[in-house]
Amino acid sequence: MEYKLYSAAAIKESLKPKNLIKSILAVVLLIVPIVAMKMVLSEDLPQMLFYIIALTGLLPIAGIIAVTLISGWSISGDTMQLRSFSSENQLKIPAMTIAMKDCNSEWRPSLRTWGVGMPGLLLGYFRLKNKENVMMFEHLGGAQELVIKVEDKYYIINHAGIDDLYKELIRLGAKEGI
């Protein structure tokens with residue numbers, strides 16, 4: 001059993017009408033200071049503007065592809081491998097305590113400490129409303145998220161079909177509670 005994040009899905013979600021304005025605004029806020037600085041410092045403005053406009057379109061797409069190339073999870077035997085662009089964790093399923101939590105609960109991020117956050121995609125490390133630090137993998141998540149505790153570390157996974165993962169982890173020996 002596995003779930004892999006594909007770049008096309010992340011790009012497609014960013015281009016949906018409800019998220020397009022946020023995506024465009026993020027790119028504009030990134031590029032405007034660069035353009036302003038270059039205009040003041042450069043004599044060859046037309047060529048420079050061409051490069052800036054080209055990079056404005058390519059950098060966000062290249063970033064999404066790079067971030068999502070290795071992100072996902074898989075189960076092999078009694079081990080779950082959880083991967084994001086910045087880390088890889090091997091979690092022993094019998095050592096897990098798991099629970100399904102409402103996405104409007106204290107188990108939601110309040111601060112991204114390292115990672116990526118964009119419409120439909122959260123990858124990396126976050127501080128939650130309840131002050132816990134977690135590694136989070138969320139892709140087009142639903143109303144419920146899977147919270148995993150192994151030793152003193154927390155992990156949150158949320159995507160379509162998360163209920164199936166919860167049931168499989170229970171079947172493989174994870175304990176309920178949190």
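Leaving aside its neighbours within four places in sequence, which residues is Lys 101 in contact with? I should like to open with that question, and to state at once that the model under discussion is a predicted one. The answer is a set of six names: Trp 107, Ala 143, Gln 144, Glu 145, Val 147 and Ile 178. Much of what follows concerns the strands around this lysine.

Allow me to begin with the chain as a whole. It has 178 residues, of which 40% count as buried. The secondary structure consists of four helices and eleven strands. If we take the contacts between residues at least 6 apart in sequence, 53% of them join residues at least 24 apart.

I turn now to the main sheet. Seven strands form an open sheet, and their order is 6-7-8-10-9-5-11, with mixed pairing. Strand 6 and strand 11, the latter comprising 175–176, are the edge strands, each pairing on one side only.

Strand 5 covers residues 96–102, and Lys 101 lies within it. On one side, strand 5 is joined to strand 11 by two bridges, and these two strands run parallel. Within that pairing, Ile 98 has Glu 176 of strand 11 as its bridge partner. Strand 5 is also joined to strand 9, here by seven bridges and in the antiparallel sense. Asp 102, for example, stands opposite Gln 144 in strand 9.

Strand 9 itself spans residues 144–150 and is mostly covered, with five of its seven residues buried. Five bridges connect strand 9 to strand 10, and the two run antiparallel. Leu 146 has its bridge partner in strand 10, namely Ile 157. The two strands form a hairpin with two residues between them, and in the turn Glu 151 has a positive phi of about 55°.

With the strands in place, let us return to Lys 101. Which side chain of opposite charge is nearest to this buried lysine? It is Glu 106, at 5.1 Å. The cut-off for a salt bridge is 4 Å between the side-chain nitrogen and a carboxyl oxygen, and Lys 101, although buried, has no salt bridge. Its side chain does reach the backbone oxygen of Ile 178, at 3.2 Å. Ile 178 is also one of the residues in contact with Lys 101.

Another contact of Lys 101, Trp 107, leads to the next topic. How many aromatic pairs does the structure hold? There is one. The partners are Trp 107 and Tyr 154; their ring centres are 5.2 Å apart and their planes meet at 55°, so the pair is classed as tilted. The pair links distant parts of the chain, with Trp 107 in the loop between strand 5 and strand 6 and Tyr 154 in strand 10, 47 residues apart. Are these two residues buried or exposed? Both are buried.

I come next to the strands with lower numbers. Strand 2, residues 72–76, is largely enclosed by the rest of the structure, because four of its five residues are buried. Strand 1, residues 2–4, pairs with strand 2 in the antiparallel sense over three bridges. Here Tyr 3 has Trp 73 of strand 2 as its bridge partner. Strand 2 also pairs with strand 3, residues 79–84, in the antiparallel sense and over five bridges. In this pairing Ser 76 stands opposite Thr 79. Two residues lie between the strands of this hairpin, and Gly 77 takes a positive phi near 65°.

Thr 79 brings me to a second lysine. Lys 92 is found in strand 4, residues 87–92. Its relative accessibility is 45%, and therefore Lys 92 counts as partly exposed. Which residues does Lys 92 contact, once neighbours within four places in sequence are left aside? They are Asp 78 and Thr 79. With Thr 79 there is a polar contact between the two side chains, at 3.2 Å. Lys 92 and Gln 81, eleven residues apart in sequence, are separated by 8.8 Å from C-alpha to C-alpha.

To conclude, I place the two lysines side by side. Lys 101 is buried and without a salt bridge, while its side chain reaches the backbone oxygen of Ile 178. Lys 92 is partly exposed, and its side chain makes a polar contact with that of Thr 79. Thank you for your attention.

Methods:
Residues numbered from 1 in each chain as written. Predicted model: local features only at pLDDT ≥ 70, side-chain atom pairs only at ≥ 80, totals over all residues. Heavy atoms only, no water. Buried < 20%, exposed > 50% of the residue type's maximum accessible area, 1.4 Å probe, protein only. Lys, Arg positive; Asp, Glu negative; His and termini not counted. Polar contact = N/O pair within 3.5 Å; in protein donor to acceptor, adjacent residues only side chain to side chain. Contact = heavy atoms within 4.5 Å. Pairing = 2+ DSSP bridges. Phe/Tyr/Trp six-rings, centres within 6.5 Å; stacked < 30°, edge-to-face > 60°.
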